[in-house]
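Please look over the sequence and the model shown below before reading on. The report starts with the chain as a whole and then turns to its interior and to two loop positions.

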Amino acid sequence: MTHVTETAAARTTRTLPRTCPLCEAVCGLELTLDAADHVTAVRGDQADPFSRGFLCPKGATLGHLDEDPDRLTAPMIRDRATDSWRQASWDEAFGVIRERLPQITGEHGNQSVGLYLGNPNAHTVAGALYVPILIRALATRSLFSASTADQMPKQVSSGLLFGDPLTVAVPDLDRTDYLLILGANPLESNGSLCTAPDFPGRLKALKKRGGRFVVVDPRRTRTAKLADEHLFIRPGSDAYLLFGIVHTLFAENLTSVRIEVQGLEEVRAAAAPFTPAVVAERTGVPADTVLRLARELAAAPTAAVYARIGTCTAEFGTLTQWLVDVLNVLTGNLDSPGGAMFATGATLGIVRTRPFRLARWISRVRELPEAMGELPVATLADEILTEGEGRIRAMVTVAGNPVLSAPSSTRLDAAFAGLDFMVSVDRYLNETTRHADVILPPPRILQSPHYDFALLQFAVHNYARYSRPLVPLGDTLAESEILARLALAVSGQEPQPGIDPLAAVDEFIIAGMLHKAGLSERRAELIGTNTTEQRIDLMLRLGAYGEWNPDRINPTDGRAESSGGSRPKARRDDEGTSPRDDEGDVTDGDADRLARGLNLQVLLDNPHGIDLGALRPGLPGILRTASKTVELAPQPLLDDVARLRDRLRAESPDMVLVGRRQLRSNNSWLHNVGPLLGGSNRCTLHIHPDDMARLGLDGHAVVKSAAGTLTVDLEPTDDIMPGVVSLPHGWGHTDSAQTVARAHAGVNANALTDDSLVDAPSGNAVFNGVPVTLTPA
């Protein structure tokens with residue numbers, strides 16, 4: 001397929017805009033490429049109306065990642081007899097898959113093949129548009145992803161409250177007066193399930209305009225140091241703290257519910273046992289502080305509560321996420337400017353017609369619940385290692401490294417080693433893909449288009465931006481074509497002569513969407529250099545702002561306030577390059593160009609992005625609950641409150657382990673980028689000096705849990721509360737072919753986490769609050 005038509009001879013050094021695909025912040029970049037298509041410079045795109053020139057250290061090294069010398073450039077096939085690898089042609093690689101996988105499914109059924117999806121899929125056009133085709137081709141319920149190692153509690157709670165797990169409330173950062181953050185460190189993560197480029201600048205702007213934000217975390221993180229107040233809390237006890245605040249709001253008659261809800265009295269009854277005095281003993285947060293937080297949230301003109309991965313990856317992750325939205329409702333701040341609101345994405349996605357249902361099926365071995373069509377990754381090893389009908393005998397992985405990212409990683413590593421067959425779509429030969437029989441590498445990042453279908457659903461300001469490939473594909477395959485051909489191969493089918501399998505898939509989908517919209521006669525109006533772009537054009541035209549949507553939103557109505565004036569000059573700070581001025585205002589950008597509706601051409605004409613306006617109220621229209629109201633007391637969550645009450649009587653471990661985000665790291669694959677290593681980006685165990693002295697430790701320690709044992713380098717710091725130790729995730733590269741990562745291998749924290757521990761409603765793995773013991777090395 002032709003994506004870029006210019007010839008190599010015609011290309012000269014040029015600077016082009018591009019969205020950064022490395023995290024959830026969706027920052028705009030300006031990349032300078034030389035005549036040979038090498039990245040020579042990266043800057044923040046100051047013309048981007050959303051990120052406005054912000055650039056973090058990860059984005060600054062995009063060129064290094066794009067042309068990593070360890071990146072695979074051709075399909076690889078493993079000889080099991082010698083455990084050696086060789087390059088192969090695309091036809092040969094797909095031929096091996098076409099021969100082996102149908103044999104396995106033919107003998108053992110479709111459930112005998114598992115699919116694992118890593119979170120980089122959320123950052124690619126191919127992941128959004130073509131992974132679903134692969135899922136349908138496999139026809140298996142053995143589907144797993146990074147979501148159950150990260151965010152599933154938030155999606156389950158949102159699904160139960162609002163009827164759709166993708167309807168996730170985010171803090172309206174640019175207008176709020178008070179922000180309570182739990183278990184999130186956006187100054188290092190750049191935000192999570194809250195798409196907000198220049199999160200540091202937005203928090204500084206909140207303070208500048210007289211607002212206040214409080215961080216609750218067992219570590220004094222970079223975010224906590226910027227906050228007006230930081231509160232230490234015992235890992236895994238966030239639900240108790242939030243229930244204490246809920247209890248206080250009811251007890252002191254501080255509630256102000258401004259939307260239609262069901263279940264208010266049930267929530268009141270559930271909160272009754274969790275008085276501030278009771279939760280103080282469990283959390284370590286004093287009772288008078290719990291009372292004060294409740295009163296501050298109730299008194300603030302606008303307020304929002306935001307909690308992320310540190311609270312999701314804990315034993316009561318779903319209850320915690322539920323209580324976040326309960327608090328936003330009780331204080332009158334859900335779906336209200338300055339509170340917690342819902343973004344309006346520009347593309348038409350899957351329109352849910354039925355309320356979300358949890359546990360439509362359960363896993364074979366441990367009977368853990370399905371959520372959003374997938375099973376918990378915490379039981380993936382069980383499904384491979386346990387004999388019986390439906391045992392997983394083959395795996396397909398796409399852009400994931402679960403051997404490092406999943407709990408009980410040593411056990412999962414052994415499980416993968418025993419598979420009959422495995423296929424990986426991945427750019428690296430790493431700890432997971434070394435078990436594959438075939439690896440299908442996607443092209444360079446700059447050879448792929450970019451649109452953030454998933455992440456813009458969680459943005460703190462409505463926005464859209466499309467980036468075309470900046471570099472021609474040459475003789476490799478687009479990732480979308482790899483997935484389309486893989487979908488054929490796993491079904492035992494060969495591409496038909498003269499028929500492009502990718503175009504055939506796209507045409508089928510386009511025809512179906514047009515037919516459903518009653519617009520079949522308008523097929524010829526769709527634009528794009530290929531059918532992938534035509535699909536995007538159609539999704540934009542039918543989306544909330546689209547020209548073919550009769551009920552489209554006009555972003556020129558109710559536009560965000562702006563102080564006007566010239567664009568602020570960029571400055572450098574510890575978090576990256578931040579252009580946000582002291583007021584932190586967000587401009588309307590090009591929203592007035594959209595009066596006739598959005599389509600792909602509008603985005604092509606505005607390659608730096610389009611401002612679609614501030615978040616706007618969406619209830620009740622966006623609800624998909626049976627009652628068409630916010631169902632504040634879902635029975636699965638009320639049932640789990642009993643488990644929370646029982647834990648009040650449980651004895652707390654002497655030492656517990658939590659994870660850690662790092663500014664210059666994002667999952668295991670960035671550990672092969674040399675400029676990002678060193679400094680604070682090291683694999684050390686943070687421990688309080690008092691604990692080192694108490695346990696007689698000096699320099700190194702043996703850390704032991706129910707799942708495994710590690711010897712670690714210690715880094716004493718009073719930024720972590722006593723009784724807690726912290727290891728960063730994504731390390732342990734001893735079995736990787738990535739040369740830089742292997743030279744800075746570190747240890748894998750998930751050798752210590754236990755796959756038998758999960759959050760009950762969602763099945764999410766527990767990575768925080770893991771009991772451990774430490775002894776001298």
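What follows is a short report on a predicted model.

## Overall build

The chain contains 25 helices and 29 strands, and its C-alpha atoms fill a box of roughly 70 × 60 × 50 Å along the principal axes. For 777 residues, a compact globule would be expected to have a radius of gyration near 28 Å, and the chain, with 25 Å, agrees with that. Residues 24 or more positions apart supply 74% of the contacts in the chain that have a separation of 6 or more.

## Burial and surface

Of the 777 residues, 63% count as buried, while the chain exposes about 27400 Å², of which carbon and sulfur atoms supply 50%. The side chains include 76 positive and 95 negative ones, and the centres of these two sets lie 1 Å apart.

## Nonpolar cores

The largest nonpolar core has 87 residues, and within this core Ile 97, Leu 440, Tyr 451 and Leu 486 touch the most other members. Helix H19, residues 479–490, contributes the largest share of this core, with seven residues. A second, separate core has 59 residues, among them Ala 270, Trp 322, Leu 323 and Val 324.

Leu 440 shows how distant parts of the sequence are brought together: leaving aside neighbours within four places in sequence, its contacts include Pro 75, Trp 90, Phe 94 and Ile 97, as well as Val 423, Val 425, Ile 482 and Leu 486. Polar residues are also among its contacts, including Ser 424 and Asp 426.

## The loop before helix H19

Leu 477 sits in the loop between strand S18 (462–464) and H19. Is Leu 477 buried or exposed? Its relative accessibility is 11%, so Leu 477 counts as buried, the cut-off being under 20%.

Apart from neighbours within four places in sequence, Leu 477 is in contact with Trp 90, Phe 94, Pro 443, Ile 482 and Arg 485. The C-alpha atoms of Leu 477 and Pro 442 are separated by 7.2 Å, although these residues are 35 residues apart along the chain.

## The loop before helix H6

Ser 147 belongs to the loop between strand S7 (143–145) and helix H6 (152–162). With a relative accessible area of 16%, Ser 147 is under the 20% cut-off and is therefore buried.

Which residues does Ser 147 touch, not counting those up to four places away in sequence? They are Met 152, Gln 155, Glu 374 and Asn 764. In addition, the C-alpha atoms of Ser 147 and Met 372 are separated by 9.8 Å, with their positions 225 residues apart along the chain given as the distance in sequence.

Definitions and conventions. Residues numbered from 1 in each chain as written. Predicted model: local features only at pLDDT ≥ 70, side-chain atom pairs only at ≥ 80, totals over all residues. Heavy atoms only, no water. Helix = DSSP H or I, 4+ residues; strand = E, 2+ residues; numbered from the N terminus. Rg over C-alpha atoms; globule rule 2.2 N^0.38 Å. Buried < 20%, exposed > 50% of the residue type's maximum accessible area, 1.4 Å probe, protein only. Contact = heavy atoms within 4.5 Å. Areas by Shrake-Rupley, 256 points an atom, 1.4 Å probe, with all protein chains shown as cover. Lys, Arg positive; Asp, Glu negative; His and termini not counted. Charge placed at Lys NZ, Arg CZ, Asp CG, Glu CD. Core = buried A, V, L, I, M, F, W, Y, C linked by side-chain atoms within 4.5 Å.
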